[in-house]
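Work through the exercises below with the model open. Each task is followed by its solution in steps.

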Amino acid sequence: MTYSFDSLVEAVLYRFNCPNTDVLTNHYFYPVPVIAKHVAECPLCTEELETLRQFEDAVGHDDHKPIPSFLA
Ligand SMILES: [Zn+2]
């Protein structure tokens, strides 16, 4: 598979339209249809979202859970 100049330009234009990391992070927790549509078409954002997912998996979610009142 080779990359033509057109596909390179297209990739750059896609990136130009990309939501920033804050928006992507927010989308990860609270999915937004218009962002989901962009991510589905954009390999760069797909990759960024996957990196975020791996980070969240590594960190874990236990810290975000409220402490049950009987343990507090
Ligand atoms: Zn994008």
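Helices here are DSSP runs of H or I with at least four residues, strands are runs of E with at least two, and both are numbered from the N terminus. The model is a predicted one.

**Exercise 1. State which pattern the chain follows along the sequence, and how many helices and strands there are.**

Step 1. Count the elements: the chain has four helices and zero strands.
Step 2. Read them in sequence order: the pattern is α-α-α-α.
Step 3. Add the burial: 6% of the chain's 72 residues are buried.

**Exercise 2. Check the span of helix 4 against its 17 residues.**

Step 1. Locate the element: helix 4 covers residues 43–59.
Step 2. The expected span is 1.5 Å times one less than the number of residues.
Step 3. For the 17 residues of helix 4 that gives 24 Å, and the end C-alpha atoms are 24 Å apart, so the two agree.
Step 4. Look past the end: glycine 60 follows helix 4, and its phi is positive, near 85 degrees.

**Exercise 3. Decide whether helix 4 lies largely in the open or not, then classify leucine 52.**

Step 1. One of the 17 residues of helix 4 is buried, so the helix lies largely in the open.
Step 2. Recall the cut-offs: 20 or more other C-beta atoms within 10 Å means buried, 12 or fewer means exposed.
Step 3. Leucine 52 has 16 such atoms within 10 Å, so it is partly exposed.

**Exercise 4. Describe how helix 2 and helix 4 pack.**

Step 1. Two packed helices are described by the angle between their axes and the distance between the axes.
Step 2. Helix 2, residues 21–29, packs on helix 4 at about 60 degrees, with the axes 10 Å apart.
Step 3. The crossing of helix 2 with helix 4 is right-handed.
Step 4. List the residues: helix 2 brings Leu24, Thr25 and Tyr28, and helix 4 brings Cys45, Glu48, Leu49 and Leu52.
Step 5. Sort them: five are nonpolar, one is polar and one is charged.
Step 6. Zoom in on leucine 52: beyond four places in sequence, it touches Leu24, Thr25 and Tyr28. Its C-alpha lies 8.1 Å from that of tyrosine 28, 24 residues away along the chain.

**Exercise 5. Place cysteine 42 and classify its exposure.**

Step 1. Cysteine 42 sits in the loop between helix 3 (33–41) and helix 4.
Step 2. It has 19 C-beta neighbours inside 10 Å, so it counts as partly exposed.
Step 3. Cysteine 18 is 24 residues from cysteine 42 in sequence, and their C-alpha atoms are 8.2 Å apart.

Definitions and conventions: Residues numbered from 1 in each chain as written. Predicted model: local features only at pLDDT ≥ 70, side-chain atom pairs only at ≥ 80, totals over all residues. Contact = placed C-beta atoms within 7 Å. Axes fitted to C-alpha atoms, helices over the stretch in contact; angles between N-to-C directions. Left-handed = near helix turned anticlockwise from the far one by under 90°. Nonpolar A, V, L, I, M, F, W, Y, C, P; charged D, E, K, R; others polar.
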